[in-house]
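Q: Please take a close look at a single part of this structure, the interface, and lead up to it from the strands. Kindly explain each technical term where it arises.

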Amino acid sequence: MFSKKKKAKVESKDNPIEVSSSAKQDEVDDIEVQAPEVLFVEDKDPSAKTASKTMKPSIISEGFEFIGEVRSQGDLTVDGTLRGTLSLNTVLVGAGGVLEGEVSCNRMSVKGNFSGRLECIDLIVGSEAVVDGNIAFQSITIQRGGVIKGMLLKK
Amino acid sequence: MSDEDQKGNLVVGEGVVISGSISVPETATVAGQVEGEVSAKELFVTDSGVIRGKVIAEVIDLRGEVHDTMTASKSLFVRATGKALGTVEYALIEIEKGGDLQGALSKFEDRRKPDNLTPLTIAQSSNSKLIEE
């Protein structure tokens with residue numbers, strides 16, 4: 001099973017970007033490379049499933065490339081490159097982040113680059129973001145300057 | 001819109017229904033219903049405004065509804081009450097939360113000769129350059 005669950009208990013999850021660099025390092029260390037094509041993380045803490053409210057955000061750091069499937073009830077910040085299938089609560093693509101593939105989530109905020117298929121409730125496209133693909137949303141916000149291309153569908 | 005200078009401007013008041021092709025050299029404000037083609041330099045569609053047809057303008061400020069095709073060669077603002085359905089082309093876009101945008105989106109590129117009503121200025125091309133960067 002390709003499952004990505006993170007340790008629980010963090011005080012603020014509202015600003016995943018604000019997580020200190022040492023915390024970022026921890027996240028990166030957690031990820032084990034199992035195969036060149038597909039990377040995945042073992043589910044070390046099954047209790048994390050019920051702790052989505054306090055779940056620590058996972059981070060694909062700058063310069064880090066991840067190809068594969070990500071599933072979590074928690075949040076993910078992509079500052080590096082991620083290609084694959086994602087199923088998450090919140091996805092944040094940072095200013096230099098690149099996300100490609102199929103994403104299904106509740107909230108998605110793009111400050112970098114996204115291409116592929118997206119299904120979400122809330123979509124926020126930042127002013128320097130580039131979003132390209134098939135997008136199904138319930139609510140959308142595009143900040144001035146954000147670029148969005150493709151098919152849009154309101155659920 | 002200033003009251004004193006209405007040259008080149010159009011206001012379609014609430015309750016007014018127009019069908020046909022409209023070209024406005026300056027600002028068009030639509031609070032009523034328009035069926036057909038609208039081209040203007042600036043287009044304001046108020047909460048009550050509905051346009052069904054092809055819309056071309058440099059700047060579009062949408063609080064009402066536009067169905068079919070919309071091209072904003074400079075900027076498109078979809079406000080919280082705005083609804084854009086169909087094919088949308090824009091150079092610069094902004095959508096407020098709650099704004100509705102559905103259909104095929106593409107970025108406006110100066111690839112075709114637009115109708116004589118919407119001359120493209122240098123400002124437009126420098127604008128799109130900014131976004132590319």
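A: **From the strands of chain B to the interface**

B:Ile22 has B:Val38, in S5(B), as its bridge partner. This is a predicted model: local features need pLDDT of at least 70, side-chain atom pairs count only at pLDDT 80 or more, and totals for chains, interfaces and linings use all residues. Residues are numbered from 1 along each chain as its sequence is written, chains are lettered from A in the order in which they are written, and side-chain values use heavy atoms, leaving out hydrogens and water.

The pair B:Ile22 and B:Val38 belongs to a wider arrangement. Strand S3 of chain B (residues 22–30) runs parallel to strand S5 of chain B (residues 38–45), and seven bridges join them. Strands here are DSSP runs of E with at least two residues, helices are runs of H or I with at least four, and both are numbered from the N terminus. Two strands pair if DSSP finds at least two bridges between them. S5(B) is also joined by seven bridges to strand S6 of chain B (residues 50–62), again in the parallel sense. Within that pairing, B:Val45 has B:Leu62 of S6(B) as its partner.

Farther along chain B, B:Asp68 is placed in strand S7 (residues 65–78). The phi angle of B:Asp68 is near 90 degrees, a positive value in a residue other than glycine. Most residues other than glycine have a negative phi. B:Asp68 counts as partly exposed because its relative accessibility is 45%; buried means under 20% relative accessible area, exposed over 50%, and partly exposed in between (1.4 Å probe, protein chains only). B:Leu85, found in strand S8 of chain B (residues 83–95), lies 17 residues from B:Asp68 in sequence, yet their C-alpha atoms are 6.1 Å apart. B:Leu85 is partly exposed as well, at 23% relative accessibility. If neighbours within four places in sequence are set aside, B:Leu85 is in contact (heavy atoms within 4.5 Å) with B:Val66, B:His67, B:Asp68 and B:Gln102.

Chain A is built from one helix and 10 strands, and the helix precedes the strands in the pattern along the sequence, α-β-β-β-β-β-β-β-β-β-β. It has 155 residues, of which 48% count as buried. A:Leu82, in strand S4 of chain A (residues 81–93), is one buried residue, with a relative accessible area of 0%. Apart from neighbours within four places in sequence, the residues in contact with A:Leu82 include A:Ile60, A:Phe66, A:Val70 and A:Leu99.

How many residues of each chain meet at the interface? The contact involves 18 residues of chain A and 20 residues of chain B. The two chains bury about 1,500 Å² between them, with 54% of it on carbon and sulfur atoms. This buried area is the accessible area (1.4 Å probe) that two parts lose on being put together, summed over both. On the side of chain A, A:Ile142, A:Arg144 and A:Lys154 supply 33% of the area buried against chain B, more than any other three residues.

S10(A) pairs directly with strand S9 of chain B (residues 100–107), in the antiparallel sense and over three bridges. In this pairing A:Leu152 stands opposite B:Gly103.

Two salt bridges are found across the interface of chain A and chain B, a salt bridge being a side-chain nitrogen of Lys or Arg within 4 Å of a carboxyl oxygen of Asp or Glu. One of them joins B:Lys97 to A:Asp122, with the closest N and O atoms 3.4 Å apart. Strand S9 (139–142) and strand S10 (147–154) of chain A each supply at least two residues of the side that touches chain B. S10(A) gives the most to that side, with eight residues. As for the partners in this bridge, B:Lys97 is exposed because its relative accessible area is 52%, whereas A:Asp122 counts as buried at 17% relative accessibility.

A salt bridge also forms between A:Lys154 and B:Asp100, whose closest N and O atoms are 3.8 Å apart. A:Lys154 lies in strand S10 of chain A and B:Asp100 in strand S9 of chain B, so the pair joins two chains. A:Lys154 is partly exposed, with a relative accessible area of 29%, and B:Asp100 is buried, with 7%. A:Lys154 is thus named twice in this account: in this salt bridge and among the three residues of chain A that supply 33% of its area buried against chain B.
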